Amino acid sequence: MLNQLISSLTDGLLLGFVYGVAAMGLTLIWGVMTVINLAHGPVIALGMFGTYLLFTHLGVNPYLGLVAVAVFGLLLGFVIYGAAVHRVINAPHLSSLLATFAVNMIIIGLGTAIFSTSPQNIDFPLGSLEAGFLTLPVSRLLATVGAILVTAALYLFLYFTRMGKAIRAVANNRRAAELMGIPSSLVLALSFGLGTMLAAVAGGLIATFFPFTILSGGPYELKSFVICVLGGLGHPLGALLGGLMLGGLEGLIPTFMPVSWVPVVEFGLFVLVLLFRPSGLLGAK
Amino acid sequence: MKRLGLCLIGLAVVGVLFAVLMQPAAAAEAKTKTVVIGFTASQTGKLNVEAIRQINGLNLWMEQVNAAGGVKLSDGTVVKFAAKFYDDESKKERVQELYTKLISTDKADFLISPYSSGLTDAAAVIAQQYNKIMITAGAASDSTYKKGYTLIYQAYTPASRYLTGAVDLLAKMEPKAKKIAIVNEKDKFSTDVVNELKSYAEKKGYQVVLFEGYDTGATDFAPFINKIPADVDAVMGGGHFADTSTFAKQLFEKGVKAKMVALLVAPPEPKFAELGDAAYGVIGASQWQPEAKYSPEAAKKAGVEWFGITVEDFDKTYKTKFKEEPSYHSAGGYVAGLLLENAIKKAGSTETAQVKKVLDDMNLMTFYGHVKFDTTPKAHGLQLGHDMVYTQWQKKGKLVNQVVWPEAAQTAKAILYFPR
Amino acid sequence: MKFWRQPGFWLPLAIVLVWGAAVLVLRQDTTRETASTLMMSVALASSLNILLGYTGYVSFGHIVFFGLGGYTGFYLLSEHGWPLYFAAVAGGLLSSLIALLVGLAVLRLRGAYFALATIGINEAARAFVSNFSPFGGATGLFVNFSAYEKYGGAGQALWTTFIYLWVTTMVVLVVSFLVKHSRFGLGLLAIREDEDAAMVMGVQAPRAKTITYVISAFFPGIVGTLYFFKNGNVEPGDAFQLHMSIEMLVMVMLGGMGTVLGPMAGAVAYQGLRGYLLTSPIFKELHLAVAGLLLLLIILFVPAGAVGWVRSRFRSLRTVLE
């Protein structure tokens with residue numbers, strides 16, 4: 001029983017890191033511009049496809065391909081921001097929700113037309129690592145390492161570069177930042193791009209060990225909502241912690257009850273947190 | 001206003017002339033009739049691997065029956081078949097919209113089911129509501145036939161008989177085995193399979209140590225695999241191709257040490273071999289294999305009527321046309337058409353009531369096996385005559401699928417999944 | 001204000017009345033099927049509009065009422081043999097009850113938080129029903145085909161279901177109009193514009209929002225039961241589809257939120273477009289992308305929707321186009 005618990009918890013936490021990266025993208029966008037990016041899911045799916053296509057058509061190692069996927073995610077973010085979000089950034093929330101949702105529909109629609117909804121797989125077997133009674137697939141370990149590296153890179157960027165500080169300034173108080181000479185539109189576009197970049201990278205990581213379709217982003221988008229609310233909307237560190245929490249829960253709950261109850265607990269928790277502590281664990285913006 | 005009136009009259013005249021001139025010429029000697037066979041296929045979506053095999057089989061049948069001159073009815077009319085189909089994208093709501101369209105707009109005379117019990121269930125309601133016969137292939141769930149339908153006929157062996165043979169095989173392979181873990185997809189088909197599997201296994205003295213289901217479309221099986229006790233003897237279950245393949249892959253990655261792994265739908269498919277090492281030793285339940293021993297001679301010995309193509313010819317013509325090995329999904333698609341052909345031929349008519357009568361009385365041997373339908377009101381249309389065989393991937397240099405059970409159909413003895 | 005004197009009241013009602021009558025007279029299965037899909041969309045979109053259009057609260061998971069109410073109604077009629085009409089109303093009442101309970105808690109949230117919460121509720125409901133054995137768990141419920149005999153056979157049952165749907169659609173439109181043109185409705189519109197100011201002016205916002213939520217949940221429950229009865233079965237995957245919720249949203253925005261005619265126009269336009277795209281070989285794959293593009297253009301350039309835009313441009317039509 002204890003072995004099973006440790007095994008499940010480990011699996012859950014490994015996955016939780018990757019969930020965290022995805023959620024960080026969502027929470028960053030919220031923190032900077034108070035927009036909930038409902039195109040988050042499809043961007044994750046595009047990240048999955050990006051890694052897959054680079055691997056199958058160009059033979060690029062999936063892990064190295066993530067760099068290209070990250071750049072793609074960044075550029076995609078600029079495009080989405082410019083096309084859909086910029087005009088409605090100061091409008092009531094409903095507008096930005098619906099605008100990003102419209103982008104979601106467009107990406108899914110185009111994706112379905114181009115890729116169909118048949119499942120795809122990245123065939124890059126790396127075997128498993130035996131550590132005592134634990135058997136850990138290497139692909140999941142590498143994904144966790146990737147997630148940690150990305151988080152570290154994000155922090156270095158936000159706290160030690162000029163642009164990163166500008167982003168934090170705009171997140172803090174957009175008006176004041178503008179008064180100080182920070183080009184807020186550019187910063188907003190960049191933040192959005194960073195957010196989608198994180199989503200795409202998370203997608204690429206997930207694609208290395210799970211099959212996927214253009215619709216696979218949906219469940220991860222829902223998990224990202226739960227994680228962001230748990231950790232506090234606007235706090236990247238909160239998102240990472242939230243991701244670990246969720247992964248841990250997903251690992252622990254099945255030990256005590258049928259696996260199919262996990263979503264009930266997940267979403268029940270989500271609604272409860274929204275009702276009683278909407279600012280999350282670390283406090284929201 | 002007057003001009004408008006004149007225009008309208010002019011149009012009406014032209015319309016009438018057109019209609020008159022377009023009357024078909026008087027019928028020539030032998031009348032031909034086209035019977036429209038309507039169906040949807042999951043050309044895209046998560047069921048596409050199996051569904052494409054099924055329509056390949058059906059299209060092969062249609063091509064062959066039309067090439068052989070079609071079917072002659074009792075009044076001398078020659079019937080040729082035409083297919084009308086749509087992509088249902090593996091989605092239930094599309095199935096219901098599309099079958100309604102096939103019946104009302106496209107005027108389909110007979111229907112073939114989509115692939116999978118879930119989609120077929122949705123289509124069956126529509127077929128029965130509009131009084132059309134539907135032959136189902138790729139739809140093994142027993143529950144569909146217990147809903148009071150009278151026009152739905154099942155070609156596949158029912159789900160309840162899918163994995164019970166695996167328990168018998170386990171007893172033979174490893175008499176000391178005691179514990180079975182069951183993990184299945186939570187759809188009608190797999191649920192029917194494992195419910196029957198559980199009661200059969202428990203009746204035979206086995207302990208079912210895990211009995212859980214995963215949602216359709218699940219990709220992470222680690223929570224389930226973690227719950228499998230380390231000393232389990234057999235892991236059984238699965239669902240459809242996509243999820244079962246992922247499950248098999250993750251079972252291998254996590255180093256599960258079961259003596260038998262028996263899964264649904266995916267292992268008998270040639271594509272399963274792409275999993276490489278993860279596929280080795282995996283047992284599958286199959287409706288039909290190319291090594292099957294059904295033949296006109298065997299039929300004669302059993303005192304049952306034979307109809308249609310032989311196993312060798314089916315294998316050969318399918319391989320030639322589609323450049324791939326046929327799987328049991330292909331055979332199912334082919335035989336669905338074949339049964340309809342036989343029924344129309346024997347009835348001498350394409351009237352639903354008459355064809356239904358033949359189907360109810362059918363007792364036939366084909367390349368696919370023995371076919372006989374249940375006609376009791378409680379389970380009308382359920383397949384009674386057909387049996388399953390079990391396959392296993394074994395390494396003979398490169399992975400080869402062997403038939404390992406029942407012994408009468410064996411091409412190789414079963415091997416243990418672990419140790420390898 | 002005598003509502004029965006206003007042309008804006010009669011126009012949507014008359015359209016649906018004539019349309020349904022035409023379908024019944026023609027007695028063709030294909031027209032009935034198309035009309036059923038359209039009327040269902042109109043009813044759902046109008047129900048959502050009662051919440052979204054009048055109070056400004058965006059419910060992304062409104063389909064949960066369709067699912068829960070539909071499941072309950074279907075359960076009553078398939079397991080307990082209730083007549084369709086009573087089962088459907090019972091389904092609607094259950095949806096309203098859930099809306100009351102959930103609303104008391106969730107309507108305290110504003111804006112994006114409320115929207116997220118509604119998504120969470122929809123997913124939780126789906127996962128719960130998937131595990132709930134009286135509702136058939138993951139494999140759902142079905143009616144034995146002989147159940148249709150009670151309605152004179154399957155063919156007749158389908159027509160009866162259509163008639164109920166037709167009547168329900170008309171009732172929703174009436175209720176939508178009455179809400180909008182009552183004092184109660186005025187309070188809702190005030191909440192939509194500025195909730196805090198409305199409360200300062202004496203509008204009892206929490207109570208008003210909850211009542212609205214309850215009303216908006218009732219009709220999807222009825223429609224759900226009718227839809228599942230027509231299909232003969234229901235599974236968790238069919239009843240809680242997030243994308244159906246989104247389609248409701250698109251239809252309301254397209255036609256014009258906050259109007260009575262808007263959701264109807266939006267529903268017809270959307271379904272018409274979807275129907276065309278799905279059967280056209282070029283666009284078949286792209287229908288979702290086209291719908292998304294349409295929604296984006298509306299949000300960016302015509303947020304008031306079609307009817308809203310017409311009303312602002314042609315002031316004289318205001319009394320007619322409500």
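So, the two domains of chain B: their centres, taken over C-alpha atoms, are 28 Å apart. Keep in mind that this is a predicted model. The domain assignment splits chain B into domain 1, which is 32-157 plus 291-379, and domain 2, which is 161-286 plus 389-409.

How many residues do these two domains bring to their contact? Domain 1 of chain B puts in 20 residues, and those touch 18 residues of domain 2 of chain B. On the domain 1 side, two helices of chain B, α2 (48-67) and α4 (117-129), each supply at least two residues. The largest share comes from α4(B), with three residues. If you're wondering about the chemistry on that side, domain 1 of chain B shows domain 2 five nonpolar, seven polar and eight charged residues.

Okay, staying with chain B, but now where it meets chain A. Here 21 residues of chain B are in contact with 18 residues of chain A. Which elements of chain B give two or more residues to that side? They are β8 (207-214), α7 (222-226) and α8 (241-253). Of the side that touches chain A, α7(B) makes up the largest share, with four residues. By class, this side of chain B comes out as five nonpolar, eight polar and eight charged.

One more thing in chain B, a little sheet. It's an open one with three strands, ordered β12-β13-β14, and the pairing is mixed. At the edges sit β12 (305-306) and β14 (369-372) of chain B, each pairing on one side only. As a quick reminder, strands in a sheet pair through backbone hydrogen bonds, and that can be parallel or antiparallel. For β12(B) and β13(B), residues 363-366, the sense is parallel, over two bridges. If you want to find that spot on the screen, look for W306(B), which stands opposite M365(B) in β13(B).

Last stop, chain A, and a pair of helices. Helix α9(A), residues 217-231, packs against helix α11(A), residues 262-276, with the axes 10 Å apart and an angle of about 40 degrees. Why do we call that oblique? Angles under 35 degrees would count as roughly parallel, and 65 to 115 as roughly perpendicular, so α9(A) and α11(A) are oblique to each other. Their crossing is left-handed.

Who's actually touching? From α9(A) you have V226(A), V229(A) and L230(A), and from α11(A) you have E266(A), F270(A), V273(A) and L274(A). That contact of α9(A) with α11(A) has six nonpolar residues, no polar ones and one charged.

Methods: Residues numbered from 1 in each chain as written. Chains lettered and ligands numbered in written order. Predicted model: local features only at pLDDT ≥ 70, side-chain atom pairs only at ≥ 80, totals over all residues. Axes fitted to C-alpha atoms, helices over the stretch in contact; angles between N-to-C directions. Parallel < 35°, antiparallel > 145°, perpendicular 65-115°, else oblique. Left-handed = near helix turned anticlockwise from the far one by under 90°. Contact = placed C-beta atoms within 7 Å. Nonpolar A, V, L, I, M, F, W, Y, C, P; charged D, E, K, R; others polar. Pairing = 2+ DSSP bridges. Domains from an automatic or database assignment.
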